[in-house]
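This note is addressed to a colleague who is meeting the structure for the first time. The points below are numbered so that each can be checked against the model in turn.

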Amino acid sequence: MTPPPALHLVGQHQIDSRPLFDADITLPAGSWTCLLGPSGVGKSTVLRLMLGLETGGVFAGTISPSDGQPLDGRISYMAQSDLLLPWLSVIDNIMIGDRLRGVPPDRDRATDMLARVGLADHAQKKPLALSGGMRQRAALARTLLEDRPVVFLDEPFSALDAGTRAAMQELAAELLSGRTVLLVTHDPAEAARLADHILILSAEGAQSWPVPATPVPRAITAPETWACQSALLSHLRGVPA
Ligand SMILES: Nc1ncnc2c1ncn2[C@@H]1O[C@H](COP(=O)(O)OP(=O)(O)OP(=O)(O)O)[C@@H](O)[C@H]1O
């Protein structure tokens, strides 16, 4: 794997000729950046711009990796929707990357990954036979299996119950340690646990928010996690901390 680069996006994005955001966003290399902000402000659009995907709008600006190398083939992306193919089994779905590249998939690794997301007993099922939270874990397994230096996660834990969510956060933190990760989330507690850097997106730009100095993943019950979560929630609600 090539060393994870930092990523820098600067510019203005417009939808229907109206400005959506004007932002200067840096994702430091080899660490987790959590992006928060109101619904519709453009968080997923930031991800899609960095991925070079269609956004439905017009971006005037630049997106640059710190090493100057193309990002093609270096990013793994988990979208808000699971994008599982209904005609494939769960295990075939999570190995789809290798299949599309014409590389023999590593079934043992995929089986291990399914076990780590708690789906060992569901490998042969079709996605429609799974619950929403199980499908989200299958999509997470597919993303983690890609083993890329840059990983974009768009609300990856939103459909999970609280216990499973905490376990999946810890799994992702373990497997993606040292990668350049951008996590879009609405959950201040998640950001307080996982972020090396927090950004809050608004139409005016991306505001940096302080994080505890302790390493991630932080314990849910640690005082510094609580303090960060609570201050962030107050800020997002627009009420005094
Ligand atoms: N393909 C598209 N065509 C036109 N407009 C779009 C398209 N995709 C997104 N938009 C618009 O761009 C704006 C930002 O959408 P985006 O999905 O980036 O917001 P978000 O901050 O991720 O929201 P949420 O938190 O609800 O997921 C919204 O007004 C949305 O309607």
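**Notes on the predicted model**

1. The shell around the ligand consists of three nonpolar residues, eight polar ones and one charged one. Its members are Ile15, Leu20, Gly37, Ser39, Gly40, Val41, Gly42, Lys43, Ser44, Thr45, Thr55 and Gly56. Helix α1, which covers residues 43-51, supplies the largest share of this shell, namely three residues. The reader should bear in mind throughout that the model is predicted.

2. The sheet deserves attention next. It is open and is built from six strands in the order β5-β6-β7-β3-β8-β9, with mixed pairing. The edge positions belong to β5 (75-78) and β9 (205-209); each has a single partner strand, so one side of each is left without a neighbour in the sheet. On average, and with direction ignored, neighbouring strands of this sheet are turned by 20° against each other.

3. At one edge, β5 pairs with strand β6 (residues 150-154) in the parallel sense, over four bridges. Within this pair, Met78 of β5 has Leu153 of β6 opposite it.

4. Strand β3 (residues 32-36) is mostly covered, since its count of buried residues is five of five. Trp32, Cys34 and Leu36 point one way from the strand, whereas Thr33 and Leu35 point the other way; all are buried. In a regular strand, side chains alternate between the two faces of the sheet. 

5. The partners of β3 may be described together. Strand β7 (residues 180-184) runs parallel to β3 and is joined to it by four bridges. In β7, Val184 is the bridge partner of Leu35. Strand β8 (residues 197-202) also pairs with β3 in the parallel sense, again over four bridges. Here Thr33 stands opposite His197 of β8.

6. Which residues touch the most other members of the largest nonpolar core? Among its 60 residues, they are Cys34, Ile94, Leu114, Ala141 and Ile198. Helix α5 (residues 132-145) gives the largest share of this core, seven residues. Both domain 1 (1-73 + 148-240) and domain 2 (83-146) contribute residues, so the core lies between them. Cys34, named here, is also one of the buried residues of β3.

7. Some backbone details should be inspected individually. The peptide bond that joins Val216 and Pro217 is cis, with omega about 0°. Pro217 is found in the loop between β9 and α8 (223-237).

8. Leu83 has a phi near 55°, a positive value in a residue other than glycine. This residue lies in the loop between β5 and α2 (90-94). Is Leu83 buried or partly exposed? It counts as partly exposed because it has 14 C-beta neighbours inside 10 Å, while a buried residue would need 20 or more.

9. Asp147 likewise has a positive phi, near 55°, in a residue other than glycine. Its place is the loop between α5 and β6. With 14 other C-beta atoms within 10 Å, Asp147 is partly exposed.

Conventions
Residues numbered from 1 in each chain as written. Predicted model: local features only at pLDDT ≥ 70, side-chain atom pairs only at ≥ 80, totals over all residues. Pairing = 2+ DSSP bridges. Helix = DSSP H or I, 4+ residues; strand = E, 2+ residues; numbered from the N terminus. Axes fitted to C-alpha atoms, helices over the stretch in contact; angles between N-to-C directions. Buried ≥ 20, exposed ≤ 12 C-beta atoms within 10 Å, placed from the backbone. Near = placed C-beta within 6 Å. Nonpolar A, V, L, I, M, F, W, Y, C, P; charged D, E, K, R; others polar. Core = buried A, V, L, I, M, F, W, Y, C linked by C-beta atoms within 7 Å. Domains from an automatic or database assignment.
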